[in-house]
Amino acid sequence: MVKSKTKRKTSKKSRLSNNTPSKIKVTFCSDLEKSVLTNNFEKRGWQQVTPEDDWNFYWAGIQTCRTLFSLDSGYRMGDHQTINHFPNHYELTRKDLLVKNIKRYRKELEREGNPLGQKQNGKYVYLDFIPVTFVLPADYNMFVEEYRKNPQSTWIMKPVGKSQGAGIFLINKLSKLKRWSRESKAPFNPSIVKETYVISRYIDNPLLIGGKKFDMRLYVLVTTFRPLKAYLFKLGFCRFCTVKYDTSIQELDNIFVHLTNVSVQRHGGDYNSLHGGKLSVDNLRLYLESTRGKSVTDKLFETINWLIIHSLKSVSYIMANDKHCFECYGYDIIIDNSLKPWLIEVNASPSLTSTTVNDRILKNKLVDNILSLVLPPNGIPDAKWSKNPSPEALGQFELLIDDENLSQDAKSKKNVKLRQKSIRKK
Ligand SMILES: Nc1ncnc2c1ncn2[C@@H]1O[C@H](COP(=O)(O)OP(=O)(O)OP(=O)(O)O)[C@@H](O)[C@H]1O
């Protein structure tokens, strides 16, 4: 935590820029005691300091970041400082706000007459990638209206302020929701209820492998929101349930059947600590190519990239695009049986805990590649840097979107077309 709030009121001139390269010592602090972090910092010869010292790089918890950027803190970062969160990341990473922002983004496109906002039978043709979701208690009446259209479907209730599967349950009857509301003393009256929930249509036809449900954990690094520059880490993985999928009512409350969180599954009797219930995305791809074919598999992965890009675009204009910040998000995606991917959640602090040897290798590489990508080629934090990394700095990341260089590219293509036109005229 940042204890001293007002140590430096004004931006310091970078002390690094006054040094010769040989004297430069990068300093870091971290709120997380994780070996994958400290190993990577120390490998670079960085020196650990406390948050009250003059740090160059801070791997902070989200609360620290909020405190640091709050107006009351009076803290202003210098050009020599880089931190791992955007101040209002919650626009993307809080369950209710993610849904709100995506809904707003789609509406805006629809209003503009943008083909991306096209609808068919009441559904968005291109941007239908989040399960139908309502925020409770605020949208209770809208939920009931939707529920009545299709009373056989199952819904999943998730508290907005919790994680790791806590407080999540499934409902298949309105009466169950009403009973829960009575028992938990949380009647759906916005002026009384304290805890906010989202209720989403349950994806009840997930793709199963070996009869078990899984979701994908993908890492997405954003270095700037305006222009939007984002990268996808190629070494994502799938997280499996330990118990075979079963949609029967008796199993509705069985979290080992329905929730893929590792924090839930590791308490199951059938948890395998060797592979941790995980499968690499590369192996998933091979499996799908052999069972479903290459073209549908390629299309699935393209659609996943597409949904990530549009989820980021939905918040790019409301994110506080501070030049000192970057953020690595954990994307949770469920693929249904028709190979349609659904965005379930975006995490601001994806777990860096390693449950297996492969996990440790992967997360070590993830942190290493993040550091190479977010820092200038000399490895020294500098907020004035253009954030245009060299291809070698990408490591296992691949470019998802670069709005700055895309628009330059689009501009040069336009110029080529104009020149070709004028040549033809001559
Ligand atoms: N709409 C849905 N349809 C099917 N399964 C879902 C749906 N929403 C969530 N799940 C399942 O529930 C699990 C937990 O949901 P979610 O990730 O939203 O909650 P969380 O407790 O905040 O998890 P985290 O610790 O990742 O933040 C998911 O990993 C997924 O397996």
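Okay, one bit of vocabulary before we start: a residue counts as near a molecule if its C-beta atom, placed from the backbone, lies within 6 Å of that molecule. Keep in mind, too, that what you see above is a predicted model.

So let's begin at the ligand. There are 19 residues around it, and the ones that come nearest are Ser163, Gln164, Ile203, Thr260 and Glu345. What kinds of residues make up this shell? Eight are nonpolar, seven are polar and four are charged.

Which strands supply them? β8, residues 155–159, β16, residues 327–335, and β17, residues 341–347, each give at least two residues to the shell. The largest share is from β17, with three residues.

Now, why do we say the ligand lies between two domains? Because domain 2 (132–202) and domain 3 (205–369 + 387–409) both contribute residues to the shell around it.

Next, have a look at helix α10, residues 294–316. Here's a nice little check you can do yourselves. With 1.5 Å a residue, its 23 residues should span 33 Å, and the C-alpha atoms at its ends are indeed 33 Å apart, so the two agree. Which residues of α10 are buried? Ile304, Leu307, Ile308, Ser311, Leu312, Ser314, Val315 and Ser316.

Okay, on to some backbone details. Let's do the prolines. Leu136 and Pro137 are joined by a cis peptide bond, with omega at about 15°. You'll find Pro137 in the loop between β7 (133–136) and α5 (140–149). There's also a cis peptide bond between Arg226 and Pro227, and there omega is about -5°. Pro227 sits in the loop that runs between β12 (212–225) and β13 (228–233).

Then we have positive phi angles. Leu339 isn't a glycine, yet its phi is positive, near 65°. Where is Leu339? In the loop between β16 and β17, and those are two of the strands we met at the ligand shell. Is Leu339 buried or exposed? Something in between: it has 15 C-beta neighbours inside 10 Å, so it counts as partly exposed.

Lys387 is another one to look at: not a glycine, but with a positive phi of about 60°. Its spot is the loop between α11 (357–374) and β18 (397–402). With 18 other C-beta atoms within 10 Å, Lys387 falls short of the 20 needed for buried, so it is partly exposed.

That's my tour. If you want to try one thing in the viewer, start from Glu345, one of the residues that come nearest to the ligand. Thanks, everyone!

Notes
Residues are numbered from 1 along each chain as its sequence is written. This is a predicted model: local features need pLDDT of at least 70, side-chain atom pairs count only at pLDDT 80 or more; totals for chains, interfaces and linings use all residues. Helices (H or I, at least four residues) and strands (E, at least two) are DSSP runs, numbered from the N terminus. Ala, Val, Leu, Ile, Met, Phe, Trp, Tyr, Cys and Pro count as nonpolar, Asp, Glu, Lys and Arg as charged, and the others, Gly among them, as polar. Domain bounds come from an automatic or database domain assignment. The expected span of a helix is 1.5 Å times one less than its number of residues. A residue is buried if 20 or more other C-beta atoms lie within 10 Å of its own, exposed if 12 or fewer, and partly exposed in between; C-beta atoms are placed from the backbone.
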